[in-house]
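Visitor: I'd love a close look at one charged residue and the company it keeps. Could you walk me through it slowly?

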Amino acid sequence: MVRRVSRNELALRVGRAIRSERLAKCLRQVALAELMEVDPVTVRRWESGVRLPTMVEVANLGSILGSDALCKGLFGKLDVYEESWKGCCDGGYLAYVA
């Protein structure tokens with residue numbers, strides 16, 4: 001049975017997955033922000049669960065951090081409500097539908 005996950009819980013879990021993959025690549029938040037062409041505050045907000053990344057940002061994160069690893073981190077650990085999120089790692093892209 002699929003369990004519905006609140007947006008807050010989802011944001012926290014996504015943030016932890018991003019942080020975990022960033023640390024696995026030995027990147028600081030500032031370095032990831034530069035690679036993503038976003039403000040370092042944005043990376044902090046993702047990782048703290050204050051903000052969910054957009055679909056484009058998730059695709060870029062997948063390219064930088066590794067789509068397979070990020071896909072496992074985001075979707076391998078989550079029971080998410082299907083209408084809220086869908087994960088796809090085809091062709092090196094990770095996408096979600098919010």
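Guide: Happy to; what follows is a tour of arginine 22 and its surroundings, and then of the other salt bridges. Please keep in mind that this is a predicted model.

Let's begin with the place itself. Arginine 22 lies in helix H1. Is its position buried or exposed? Its relative accessibility is 6%, and because buried means under 20%, arginine 22 counts as buried.

Now for the company. If we set aside its neighbours within four places in sequence, arginine 22 has contacts with Leu27, Arg28, Gln29, Leu32, Glu47 and Leu65. One of these deserves a second look: the side chains of arginine 22 and glutamate 47 form a salt bridge, at 2.6 Å from N to O. This pair ties together distant parts of the chain, with arginine 22 in helix H1 and glutamate 47 in helix H3, 25 residues apart. Glutamate 47 also counts as buried, since its relative accessibility is 10%.

Two other contacts of arginine 22, Leu32 and Leu65, lead us to the nonpolar core. The largest such core has 13 residues, and Leu32 and Leu65 are among those with the most contacts inside it, along with Ile18, Trp46 and Leu61. Helix H1 (7–24), helix H2 (29–36), helix H3 (40–48) and helix H4 (55–65) are the elements that each supply two or more residues to this core. H1 gives the most, with 4 residues.

How many salt bridges does the structure hold? There are 3, so let's visit the others, too.

In one of them, glutamate 9 meets arginine 13 through their side chains, with an N to O distance of 2.6 Å. These two are 4 residues apart in helix H1, so about one helical turn separates them. Glutamate 9 counts as partly exposed, at 24% relative accessibility, and arginine 13 is likewise partly exposed, at 22%.

Another salt bridge joins glutamate 57 and arginine 51, whose closest N and O atoms are 3.2 Å apart. Here glutamate 57 is buried, with a relative accessible area of 11%, whereas arginine 51 counts as partly exposed, at 28% relative accessibility.

Back where we started, then: arginine 22 is buried, with a relative accessible area of 6%, and its side chain meets that of glutamate 47 in a salt bridge, while Leu32 and Leu65 are also among its contacts.

Terms used:
Residues are numbered from 1 along each chain as its sequence is written. This is a predicted model: local features need pLDDT of at least 70, side-chain atom pairs count only at pLDDT 80 or more; totals for chains, interfaces and linings use all residues. Side-chain values use heavy atoms; hydrogens and water are left out. A nonpolar core is a set of buried Ala, Val, Leu, Ile, Met, Phe, Trp, Tyr and Cys residues joined through side-chain atoms within 4.5 Å. Buried means under 20% relative accessible area, exposed over 50%, partly exposed in between (1.4 Å probe, protein chains only). Contact means heavy atoms within 4.5 Å. A salt bridge is a side-chain nitrogen of Lys or Arg within 4 Å of a carboxyl oxygen of Asp or Glu.
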